[in-house]
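Thanks for coming. I will take one protein and go through how its parts sit against each other. Please have the picture up while I talk.

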Amino acid sequence: MVASTSLTSLSVHALLESLASKTPAPGGGAAAGLAGGVAYSVGKKSRAEHHETLGAHAEWFANARLLLMRLADEDAEAFPALQAAQKLPDDDPDKPGRVAEAIDAVIGAPRATLAAFSDILRRLE
């Protein structure tokens, strides 16, 4: 997958092919965010009978879905950035900082996805 291509702009077929490819990204973190977006979309159809109860939270859940989709893209973009930073020459003075920054991004997207799912579960209690 080209790093600049948003996962959310791909066809379902292209998305599944990208996830199944031998490239390290996109991977599980991106798939988790996308799964959350799909769960919201399917749940939206079935919640009509609970409209009064959930209606007040509809905008919050819609924003959570958008967040999960954004995090899926961030996760897919993070690993290639780490690989690029690791390929810098060892004598490049910027290498340690760029590698550290890339590691933060590689860890940050899945961590934020987990936090988003945790927030969703708390909202559903």
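I will start with the overall fold, then go to the core, the rings and the charged pairs.

One thing to keep in mind is that this is a predicted model. The protein has five helices and zero strands. Going along the sequence, the pattern reads α-α-α-α-α. There are 125 residues, and buried ones make up 26% of them. If you take the contacts with a separation of 6 or more, 67% of them are between residues 24 or more positions apart.

Now helix 4, since several later points involve this helix. Does its length agree with what its residue count predicts, or disagree? Helix 4 has 29 residues, and at 1.5 Å a residue these should span 42 Å. The C-alpha atoms at its ends are 43 Å apart, so the two values agree. Many positions along helix 4 are buried, including Phe 61, Leu 68, Met 69, Ala 72 and Ala 76. The buried list for helix 4 also has two acidic residues in it, Asp 73 and Asp 75.

Next, the core. As a general point, nonpolar side chains in soluble globular proteins tend to be buried together. Which residues make up the largest nonpolar core here? There are seven: Leu 7, Leu 15, Ala 30, Leu 34, Met 69, Ala 72 and Ala 76. Helix 2, residues 28–46, and helix 4 each supply at least two residues of this core. Helix 4 gives the largest share, three residues. Apart from this core lies another, made of six residues, among them Tyr 40, Phe 61, Leu 68 and Ala 116.

Two members of the seven-residue core are worth a closer look. Take Leu 15 to begin with. Setting aside residues up to four places away in sequence, Leu 15 touches Leu 7, Leu 10 and Leu 34. Then there is Ala 30, which sits in helix 2. Ala 30 has a relative accessibility of 0%, so this residue counts as buried. Beyond its neighbours within four places in sequence, Ala 30 is in contact with Leu 7, Ala 72, Asp 75 and Ala 76. Ala 30 and Leu 19 are 11 residues apart in sequence, and their C-alpha atoms are 8.6 Å apart in space.

On to the aromatic rings. How many aromatic pairs does a search of the whole structure find? The search finds one. The pair is Trp 60 with Phe 61, and the arrangement is edge-to-face. The ring centres are 5.2 Å apart, with 90 degrees between the planes. Are the two partners buried or exposed? Phe 61 has a relative accessible area of 10%, which is under the 20% cut-off, so Phe 61 is buried. Trp 60 is at 28%, so this residue counts as partly exposed. Trp 60 has a further neighbour: Arg 123 lies over the face of its ring, at 4.1 Å from the ring centre.

Last, the charged pairs. In general, side chains of opposite charge can pair when their charged atoms come close. The structure holds three salt bridges.

One salt bridge joins Glu 74 and Arg 70, at 2.3 Å from N to O. Both residues lie in helix 4, residues 58–86, and they are four residues apart, about one turn of the helix. Glu 74 is partly exposed at 33% relative accessible area, and Arg 70 is partly exposed at 44%.

Another joins Asp 119 and Arg 122, with the closest N and O atoms 2.4 Å apart. These two lie in helix 5, residues 95–124, three residues apart, again about one turn of the helix. Asp 119 is partly exposed, at 34%, and Arg 122 is partly exposed too, at 48%.

The remaining one joins Lys 95 and Asp 90, at 2.7 Å from N to O. Which side of this bridge is buried, and which is exposed? Lys 95 has a relative accessibility of 15%, so Lys 95 counts as buried. Asp 90 has a relative accessible area of 70%, so Asp 90 is exposed.

To recap: five helices, a largest nonpolar core of seven residues, one aromatic pair and three salt bridges. That is what I had.

Methods:
Residues numbered from 1 in each chain as written. Predicted model: local features only at pLDDT ≥ 70, side-chain atom pairs only at ≥ 80, totals over all residues. Heavy atoms only, no water. Salt bridge = Lys/Arg side-chain N within 4 Å of Asp/Glu carboxyl O. Buried < 20%, exposed > 50% of the residue type's maximum accessible area, 1.4 Å probe, protein only. Core = buried A, V, L, I, M, F, W, Y, C linked by side-chain atoms within 4.5 Å. Contact = heavy atoms within 4.5 Å. Expected span 1.5 Å × (residues − 1). Phe/Tyr/Trp six-rings, centres within 6.5 Å; stacked < 30°, edge-to-face > 60°. Lys NZ or Arg CZ within 6 Å of the ring centre and 35° of its normal.
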